[in-house]
Structure formats: structure tokens, C-alpha cells
Amino acid sequence: MPKTIKDSSTALKSAYAEAGWSRIPFRFDNKALELIRERVASISRERRPEVVHEKDSDIVRAIHGCHLFDDVCSALVRHPQLVALAGLLTGKPVYVYQFKVNLKQAHEGAAWPWHQDYAFWNKEDGMPRPEAVNVAISLDDTHEDNGPLTVIPGSHRLGLIGLPNTVEGEGDWRRHVSADLAYTVNTDTASDLAQRNGTELMVGPAGSVHAFHPSIVHSSSNNSSPDRRALLLITYNAVDNAPAAPKRPEFLVSREATPITPCRDDRLTVEPHGQGATTSPVRESTIR
């Protein structure tokens, strides 16, 4: 297990098990970030199904499945630190289930309502259990004004919350990548949970890494700031938890469930969190 993960493995597992999310003690350095941003910008200019736009707009909302056709993204998902992190938090060999970059453009990025990722993966894809983990890499400085992820700690232990028997948009993958999500957690229910458990923001300088559970209730607000908020998300799933017959496009649900082999790439360097960042400090806060 790579040193920076091994040295903090007990604390990471404990925090993740208790809260359903955790800050990771390393960041991607500025050179790696520049390269990833360049690839994201290039892909965003393409017209292809993997590139999703804001409703009735040419503003790019997200890009999906980039690890299947871009060499930098493919190398990133094999990064030894990330693979070790996913194995630690799931406790099993893993493969890449999903890859996406959510792009909240300055003054344009729309909110994501309260939801649980596992609702989509279970109901649409047939993922048997929530034995997966989301690894989030901030490509920009993330602060409370540019639409960070807001999570309700501990909500991952409640299972799937309040799902109706039938869902409008079920089977339409476009309802899983737009602001008008097919599966959401009722606002009143989320408010009650937040009242009891509090909410926390996933904020930090560019290059920061966080991990969060598939069942944690989370949302994000509109980006009201002049600062873009791009968040790259790799979902690693336990190999023995692969859906038997997923129907959504491959850029949303991987068909290849072979255990991923970590591979070092000198273009993608990490360093202890707090080193090397050239941007000004960003605010971190907990809302109670």
C-alpha cells in the first residue's frame, strides 16, 4: 500500500465508516492539475454523448467516461494512491465503475438536488450492494460560494431513503446526468436529516482529494461566484459487486469488471496535502 495511504489507513477507515466521507491527506500537484484541466477542456469542446450541457444551453455541465478514450484519464484511474484508497475503503479488489467531471461554470453551474448515488446504481444498473466509493478530485479551488458538495454525515448508514415504487424518467439515462434528477431525496426529509446530523462542505484548494460513500445524502448549490468549480469523480466498485446486466451506456456504467492494476505515471504526481498550492487559502466551514 502506498506510504501516504498506509500511514493514515486506520484514521481514514474510521472517519469514512463514521461520517460516510473523508478528506484524504494528499493532493495532486499543480503540474498534474494543469495536464488534467487541459484534457477536460479539450473533451468539453467536443460534440459527443459523453459531453452533457446545462438545460437549454451550450454551457457544459459534465463529461463522462473519459477514461475510456483519453490516456491521461486512463492513467489517473490507475494511480497507485487512488487504487489503494479505494481498496482500503471498500475492503475488496476494485474496478472503475464510473468516471465523470462535473463542471460548474462561473455564474452558470446549476445545482444538484439532494440525492444518493446508490439509488441510481441499484435501481437503474442492478448494483447489488453499496460496496463502492466515490473519489473526488477538485480541479479548481472549491469554496462555499461556487457550489461545493454538501453532505449529511452519517446518512450513508440509513440505506436508500424514501424511494417511490415508480419514478418518472426511470430508464432514461439523461435524467441521471441533468439537474432534473430521476431519483432524489425529498427536501423535507433532507432538512430533517440535516437538522439532526448537520451538514458539511467538501471544500479545499485545487488538487484536494475527498472520498464519499455511495449512500451518503448530498447536494450542491448553484455556482453564484465568478470562480468555476470543476470536480472530477472516479467511482471504484468492488469486483464481486458488479451489476449482472447494466443497460445504461458504457460511458456511465463500465462493462469491464476486472480488478484494476495500479500503474504509476510520472505526469500525475501527488504530495502531502497543503504543499505546493499556489492559490490563496479557501474557506472551510461546517454548517450546523
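## Briefing: a pocket, a sheet and its helices

The largest pocket here has a volume of about 220 Å³. Please keep in mind that this is a predicted model. Beyond the pocket, there is an open sheet of 8 strands to look at, along with helices H2 and H3 that contact its strands, and a mostly covered helix, H5.

**The largest pocket**

- A total of 13 residues line the largest pocket.
- Those nearest the centre of the pocket are Arg78, Val96, Glu256, Thr258 and Ile260.
- Sorted by class, the lining comprises 6 nonpolar, 4 polar and 3 charged residues.

**The sheet**

- If you trace the open sheet across its 8 strands, the order is E2-E3-E4-E11-E6-E9-E1-E12, and the pairing is antiparallel.
- Strand E2 (51–53) and strand E12 (270–272) form the edges; each has a single partner strand, so one side of each has no neighbour in the sheet.
- On average, neighbouring strands of this sheet are turned by 25° against each other, ignoring direction.
- Within the sheet, strand E4 (residues 94–104) pairs with strand E11 (residues 229–238) over 10 bridges, in the antiparallel sense.
- For a specific pair to find in the viewer, try lysine 100, whose bridge partner in E11 is leucine 233.

**Helices against the sheet**

- Helix H2 (residues 9–19) packs on the sheet, where it touches strand E1 (21–28), strand E6 (132–138) and E9.
- The direction of H2 makes about 140° with that of E1.
- Helix H3 (residues 30–44) lies across E1, E2, strand E3 (60–64), E4, E6 and E11.
- Relative to E1, helix H3 runs at about 105°.

**Helix H5 and the glycine after it**

- Helix H5 spans residues 80–90, and 9 of its 11 residues are buried.
- The buried residues of H5 are Gln81, Leu82, Val83, Ala84, Leu85, Ala86, Leu88, Leu89 and Thr90.
- An α-helix has 3.6 residues a turn, so residues three or four places apart point the same way.
- Just after H5 comes glycine 91, with a positive phi of about 75°.

**Glycine 204**

- Glycine 204 sits in the loop that links strand E8 (199–202) and strand E9 (208–212).
- Is glycine 204 buried or exposed? Glycine 204 counts as buried because its relative accessibility is 1%, and the cut-off for buried is under 20%.
- Histidine 143 is 61 residues away from glycine 204 along the chain, yet their C-alpha atoms are separated by 6.7 Å.

Notes: Residues numbered from 1 in each chain as written. Predicted model: local features only at pLDDT ≥ 70, side-chain atom pairs only at ≥ 80, totals over all residues. Heavy atoms only, no water. 1 Å grid on protein atoms, 1.4 Å probe; cavity = no way out; pocket = protein on both sides within 12 Å on 5 of 7 lines; lining within 4 Å. Points joined across faces, edges and corners; volume = space filled by probe spheres on them. Nonpolar A, V, L, I, M, F, W, Y, C, P; charged D, E, K, R; others polar. Buried < 20%, exposed > 50% of the residue type's maximum accessible area, 1.4 Å probe, protein only. Helix = DSSP H or I, 4+ residues; strand = E, 2+ residues; numbered from the N terminus. Pairing = 2+ DSSP bridges. Axes fitted to C-alpha atoms, helices over the stretch in contact; angles between N-to-C directions. Contact = heavy atoms within 4.5 Å.
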